[in-house]
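User: Hello, I am new to this one and would love a guided close look at a single part. Please take your time and explain the terms as you go.
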Amino acid sequence: FLYFIVNILRSTHNCSFKNNNTMAQPIAIIAPSILASDFSRLKDECEDVLSDKGGKVEWLHLGVMDGHYVPNITFGPPVIKSLRSHLKNAYFDCHLMISEPAKWVAEFAKAGVNQYTFHIEATSSLEEAEAICRDIKKHNMHVGLSVKPKTPLSAIVPLCDKGLVDTILVMTVEPGFGGQKFMPDMMPKVAEARKRYPNINVEVDGGIGPDETIQAVAKAGANAIVAGTSIFGAKDRAASSNEMRRVVQENLASKL
């Protein structure tokens, strides 16, 4: 019965994911990172994982790097805007690994981003971070707030307690580099986030696949799973996505 209900919620797509402190329980969300896709076929790659045969994922995870906050450079609003022109209904979960998150809110909103996730470490104060959160909402996007491995959850608690955050992103690797190993010692942070905020999306990013890593993050309470090569590099993308979704759903059910 629960599986049936979850799939009804999934079918409503974007409107199901606007979670905050007062809304319904989060659902399982699979968010493939397009950084692991074939960039020469980016539109086709995105359409594939959004399709039934590719796993019918809930979100697309767009990792933006500026070459300053992190050493690598990826893409920006022009690429996202181009994708949006082809993917009208996809949910764009944009993770900004950039030094000046306040500067780019309007530009990414214009490009078609649904969720604007920035790093608390890229701000100089809680007051600045709060102003960014409010600006994101003013531009009709969901607010994501990310913490690096060495940053405690307490760094963002005041903002979450004010109901300003829709998604908490816990990094399970250091941001900015691919191919890193999953950090299991981040699970207490995930568990703390889920315990404190049962109705906020708790997202994890880094080294996760349909193996012991999905078991660990789901058991800790994560409901939104960023996965790169474990989806785009899989022989059967749908099987990989479906297995991770199944594990998350089972663990969410046990916590209801």
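Which word fits Lys 56, buried, partly exposed or exposed, and what is its relative accessible area? Please start there and then show me the surroundings.

Analyst: Happy to. A quick word on the ground rules: this is a predicted model, so local features need pLDDT of at least 70 and side-chain atom pairs count only at pLDDT 80 or more, while totals for chains, interfaces and linings use all residues. Residues are numbered from 1 along each chain as its sequence is written, and side-chain values use heavy atoms, with hydrogens and water left out.

Lys 56 is partly exposed, with a relative accessible area of 44%. Here buried means under 20%, exposed over 50%, and partly exposed in between, using a 1.4 Å probe and protein chains only. You will find Lys 56 in the loop between H2 and strand S2, which covers 60-65. These labels come from DSSP runs numbered from the N terminus: helices are H or I runs of at least four residues, strands E runs of at least two. The backbone at Lys 56 deserves a look too, with a positive phi near 45° in a residue that is not glycine. Most residues other than glycine have a negative phi. Asn 140 offers a second example, with a positive phi of about 60° although it is not a glycine either. Asn 140 is in the loop between helix H5 (126-138) and strand S5 (142-147), and at a relative accessible area of 72% it is exposed.

Back to the loop of Lys 56, and to the helix before it. H2 spans residues 42-50 and holds Asp 48. Asp 48 counts as buried at 17% relative accessibility, yet it has charged partners. One of them is Lys 53, which forms a salt bridge with Asp 48, their closest N and O atoms being 2.5 Å apart. A salt bridge here is a side-chain nitrogen of Lys or Arg within 4 Å of a carboxyl oxygen of Asp or Glu. Lys 53 itself is exposed, at 66% relative accessibility.

Asp 48 also forms a salt bridge with Arg 237, with closest N and O atoms 2.9 Å apart. This pair links distant parts of the chain, 189 residues apart: Arg 237 belongs to helix H10 (residues 237-255), whereas Asp 48 is in H2. Arg 237 counts as buried, at 15% relative accessibility. Through shared partners, salt bridges join Arg 41, Glu 45, Asp 48, Lys 53 and Arg 237 into one network. The remaining pair to introduce is Glu 45 with Arg 41, a salt bridge whose closest N and O atoms are 3.3 Å apart. In that pair Glu 45 is buried at 5% relative accessibility, while Arg 41 is partly exposed at 39%. For the wider picture, the structure holds 15 salt bridges.

H2 has another neighbour, helix H3 (residues 77-86): the two pack at an angle of about 55°, with their axes 10 Å apart. That makes H2 oblique to H3. Axes are lines fitted to C-alpha atoms, for helices over the stretch in contact, and angles run from 0 to 180 degrees between N-to-C directions. Under 35 degrees counts as roughly parallel, over 145 as roughly antiparallel, 65 to 115 as roughly perpendicular, and the rest as oblique. On the H2 side, Leu 42, Lys 43, Cys 46 and Glu 47 meet Val 79, Leu 83 and His 86 of H3; contact means heavy atoms within 4.5 Å.

Follow the link through Arg 237 and you arrive at H10, which has a packing partner of its own. Helix H8 (residues 212-220) and H10 pack at an angle of about 25°, with their axes 9 Å apart. H8 and H10 are therefore roughly parallel to each other. From H8, Ile 214, Gln 215, Ala 218 and Lys 219 make the contact, and from H10 it is Met 244, Val 247, Val 248, Asn 251 and Lys 255.

One further long-range pairing involves Leu 252: Pro 26 and Leu 252 are 226 residues apart in sequence and 8.4 Å apart in space, C-alpha to C-alpha. Pro 26 is in the loop between helix H1 (2-11) and strand S1 (29-32), and at 6% relative accessibility it counts as buried.

So, returning to your starting point, Lys 56 is partly exposed, in the loop that joins H2 to S2, and H2 supplies Asp 48 to a network of salt bridges that also includes Arg 237.
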